[in-house]
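Student: Before we discuss this chain, could you show me the sequence and the model together?
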Amino acid sequence: MNLTILMALFLNFTPLGQNLTHLDWITLTQKPYKNAIIPDIGLTPLLNPSIRTKEQWNNRRTELKALWMHKIGLFPKKPDSLATKIEGRETLTDHKRILLSFQSDKNDRIQAYLLIPNNINKTAKNPAVVVFHQTTKDTIKEPVGLGPNQSLAIANHLVGRGYIVLAPECFIMKGKGPQAQATELAKSSPELTGMGKMTFDSSRCIDFLETHENVDPSRIGCIGFSLGAKEVLYAMAFDPRYKAGVFNEGGIGIRMSNWTDPWYLTSKMKPNIPAMEHHQVLSLIAPRPILIMGGNSADGDSSWPFINETLPVYRLFDAEDKIGLINHQGKHTFPNSARVTAYQWLDHWLDNKAIKEAGIPK
């Protein structure tokens, strides 16, 4: 039995009133809002009488994707090689921590930590998770436990559950910070928004993980808090190789957070609201699993209209249990109880066999 996994599950976290048996996701993430009064916030319906089948929706999805791609900007050409550089290696109690960098576009590199369990089955393919950090000067140090906020050492928690984990640095936290990075991007790539750059970089993270001999490319997920949650939404919407995700306190609605700042969608997005809103981006993820979490700060009960508007698309694919909302009441935090439920979401949808092999039911 894997003692590292047991310790991570039973000593560090307390689930949201749940045991470690298979969770009823509809009951947990949708039932609390079954009788909710849903305010009209101007969301354009995703489905209409002319869209009744998956095929019809896929046509509409193509239109929506093109519309949003036009707003976030033209992706740069991917270099022929990742040109990966190893910058440091450490062997810790239960995993290896590798500091590395790889080519994003021709003008930029992504620095990241790669965590690999020491007891990984090297003859098998394993699930992997990309952990997007919040807005913090600690950037990639925080997810791997090298920053002062140990509660957000999410990469450490996940490698303890048997995942291969990549924790990349968001470009807006380089140099002198978001405003300076947005200004530089506007000069070097005027056709690309900051959110477009983050989305492209998230795709390069998948490119990198697919080169690892022990990663199962069909079981790669992502998780993020605040800034990191924003990256999760767009990463999943625009790269179908992300198979499951958790979005905590990113502000699912454009009007619910600072999405029109210069380093995200820019102020040019404002005239398009609410004709364009994030239920449309959320719908691009269907039918892959996405869990929205919040503590009544950026997200929470006010996020339900976006889930409710997207649910009919998931129902077209008989995937109603693959989208939901949890209000953890923790304001702008990612509390332990919410994180363990988030990890169970990833364990379930990424078929984390390490949990099974440790004798712990999903």
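**Helix, sheet and cores**

Tutor: In this predicted model, the buried residues of H10 are Ala 338, Arg 339, Val 340, Thr 341, Ala 342, Tyr 343, Gln 344, Trp 345, Leu 346, Asp 347, His 348 and Trp 349.

Student: How many of the 14 residues of H10 are buried?
Tutor: Buried here stands for under 20% relative accessible area, and the run from Ala 338 to Trp 349 that I listed meets that description. H10 is therefore mostly covered, the count of buried residues being 12.

Student: What distance separates the end C-alpha atoms of helix H10?
Tutor: Helix H10 covers residues 336-349, and at 1.5 Å a residue its 14 residues should span 20 Å. The distance in the model agrees with that expectation, since the end C-alpha atoms lie apart by 20 Å.

Student: Which strands stand at the edges of the sheet?
Tutor: The open sheet has nine strands with mixed pairing, in the order E1-E2-E3-E5-E4-E6-E7-E8-E9. Each edge strand has a single partner strand, so one side of it is left without a neighbour in the sheet. The strands in that position are E1 (85-91) and E9 (323-327).

Student: Which residue in E7 is the bridge partner of Phe 225?
Tutor: Strand E6 (residues 215-225) pairs with strand E7 (residues 244-248) in the parallel sense, over five bridges. For Phe 225, the bridge partner in E7 is Asn 248.

Student: Which helix gives the most to the largest nonpolar core?
Tutor: That core has 74 residues, of which Leu 209, Tyr 234, Tyr 242 and Ile 290 touch the most other members. The helix giving the most, with nine residues, spans residues 227-238 and is H7.

Technical notes: Residues numbered from 1 in each chain as written. Predicted model: local features only at pLDDT ≥ 70, side-chain atom pairs only at ≥ 80, totals over all residues. Heavy atoms only, no water. Pairing = 2+ DSSP bridges. Helix = DSSP H or I, 4+ residues; strand = E, 2+ residues; numbered from the N terminus. Expected span 1.5 Å × (residues − 1). Buried < 20%, exposed > 50% of the residue type's maximum accessible area, 1.4 Å probe, protein only. Core = buried A, V, L, I, M, F, W, Y, C linked by side-chain atoms within 4.5 Å.
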